[in-house]
Amino acid sequence: MDISRQFVRQKNPCADGFRWFMRHFQEGSDYQPLLDALVAAGRVSDACWLMDQFGPTKTVLEVDALEADAFVFAGSLHVRGQIDVDTVLRIGGSLRAASGIRVGRSLQVGEDLWASGNIRSLGYLQVGGDVRADWNLQVDEHLNCGGDLRVGWDVEVGTDCKIAGTATVGGDVAVGAALKCLSNLRARGALKVGGSAWSAQGIEVNQGIDVTDHLEACWGIVSGKSIVAGGAIKAGESLAAEEIIQAGSGYGIYAGLNVPMAVWEASAWVRARELPKRLFSGHWHPPLTS
């Protein structure tokens, strides 16, 4: 892609960035060499702005390993080893690493992200497609996943977490602020959320669920231990815990919100070790006694 000064001017760049472009590329430049030059000059934010304007390319780059202060690439990147970037890693297409990924400030991928090891971002993580980490996923700030999330071990997110597809996690899920999942959320470990947790379908957790604010799923909620929230607990269908179900002081517990009352016994049952306080809807199933 040939980027001319007229082409850049039409995008309303900042004055300082346009002056830099005119000093170094008065006759224009190809897309990726311009991105490389901006990064080399320490103008990483300008390189990211340029990608916002012109989008991804079909180019695929394959390397043995990647170690850099910052890296911005408009195509897809396949790395046969480790990725270690001190500040910004921005990829227009997909990113694959046959080992782990560590990024110091922000990791942004236009399509799918996959790593055979850990994925660690000390800033935020934004991915347009699916995210897959065979080991742990750790994000110090917010996580925005545009597709499915599949992690072999634990997930830890410092602030907000949004997942547009299904989330499948082999260990614990810990989110510092709000959690929003637009499909099913399944975890073999525990779920701990520092804000509210909401799922457009169901939540199934093998260990306990601990939510600081409200907990809601449009389908059912199942926990292998307790379900505890600081606010209300709402399930569109059934609600079950091996131990207790407990809402916050002054808040209620609701099951069957999305099914008719006539089918509550089959589709909106509530099961726990003891009858939850302030259970306002759903069909209570007492625990079995020997």
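How much space lies in the largest cavity? In this model, which is predicted, the largest cavity holds about 30 Å³ of space, and the count of cavities of 30 Å³ or more comes to 1. Its lining is formed by Leu149, Val155, Cys161, Ile163, Val169, Val173, Val175 and Leu185, and by class these residues divide into 8 nonpolar, no polar and no charged. Strand S20, residues 161-163, and strand S22, residues 173-175, each supply at least two residues of that lining.

The largest pocket has a volume of about 210 Å³. It is lined by 14 residues, of which Val151, Thr168, Val169, Gly170 and Arg188 are the closest to its centre. Two or more lining residues come from each of strand S15 (131-133), strand S18 (149-151), strand S21 (167-169) and strand S24 (185-187). Val169 is named both among the residues closest to the centre of the pocket and among those that line the largest cavity. The table sets out the classes of residue in the two linings and in the helix contact described after it.

| Site | Nonpolar | Polar | Charged |
|---|---|---|---|
| Lining of the largest pocket | 4 residues | 4 residues | 6 residues |
| Lining of the largest cavity | 8 residues | no residues | no residues |
| Contact of H3 with H4 | 10 residues | no residues | 1 residue |

Two packed helices are described by the angle between their axes and the distance between the axes. Helix H3, made of residues 31-40, and helix H4, made of residues 44-54, have axes that come within 7 Å and cross at roughly 155 degrees. Because angles over 145 degrees count as roughly antiparallel, H3 is roughly antiparallel to H4. The crossing in which H3 passes H4 is left-handed. On the side of H3 the contact is made by Tyr31, Leu34, Leu35, Leu38 and Val39, while H4 brings Val44, Asp46, Ala47, Leu50, Met51 and Phe54. By class, 10 of the residues in this contact are nonpolar and 1 is charged, with no polar residues.

Further along the chain, glycine 282 has its place in the loop between strand S37 (279-281) and strand S38 (283-285). Leaving aside its neighbours within four places in sequence, glycine 282 is in contact with Ala255, Trp264, Ala268 and Val270. Of these partners, valine 270 is 12 residues away from glycine 282 in sequence, and the two are 6.3 Å apart in space, C-alpha to C-alpha.

Notes
Residues are numbered from 1 along each chain as its sequence is written. This is a predicted model: local features need pLDDT of at least 70, side-chain atom pairs count only at pLDDT 80 or more; totals for chains, interfaces and linings use all residues. Side-chain values use heavy atoms; hydrogens and water are left out. Axes are lines fitted to C-alpha atoms, for helices over the stretch in contact, and angles run from 0 to 180 degrees between N-to-C directions. Helices (H or I, at least four residues) and strands (E, at least two) are DSSP runs, numbered from the N terminus. Angles under 35 degrees count as roughly parallel, over 145 as roughly antiparallel, 65 to 115 as roughly perpendicular and the rest as oblique. A crossing is left-handed if the near helix is turned anticlockwise from the far one by less than a right angle, and right-handed if clockwise. Contact means heavy atoms within 4.5 Å. Ala, Val, Leu, Ile, Met, Phe, Trp, Tyr, Cys and Pro count as nonpolar, Asp, Glu, Lys and Arg as charged, and the others, Gly among them, as polar. On a 1 Å grid over the protein atoms alone, a cavity is a set of points where a 1.4 Å probe fits but cannot get out, and a pocket is an open set with protein on both sides within 12 Å along at least five of seven lines; lining residues have an atom within 4 Å of a point. Grid points are joined across faces, edges and corners, and a volume is the space filled by probe spheres set on the points.
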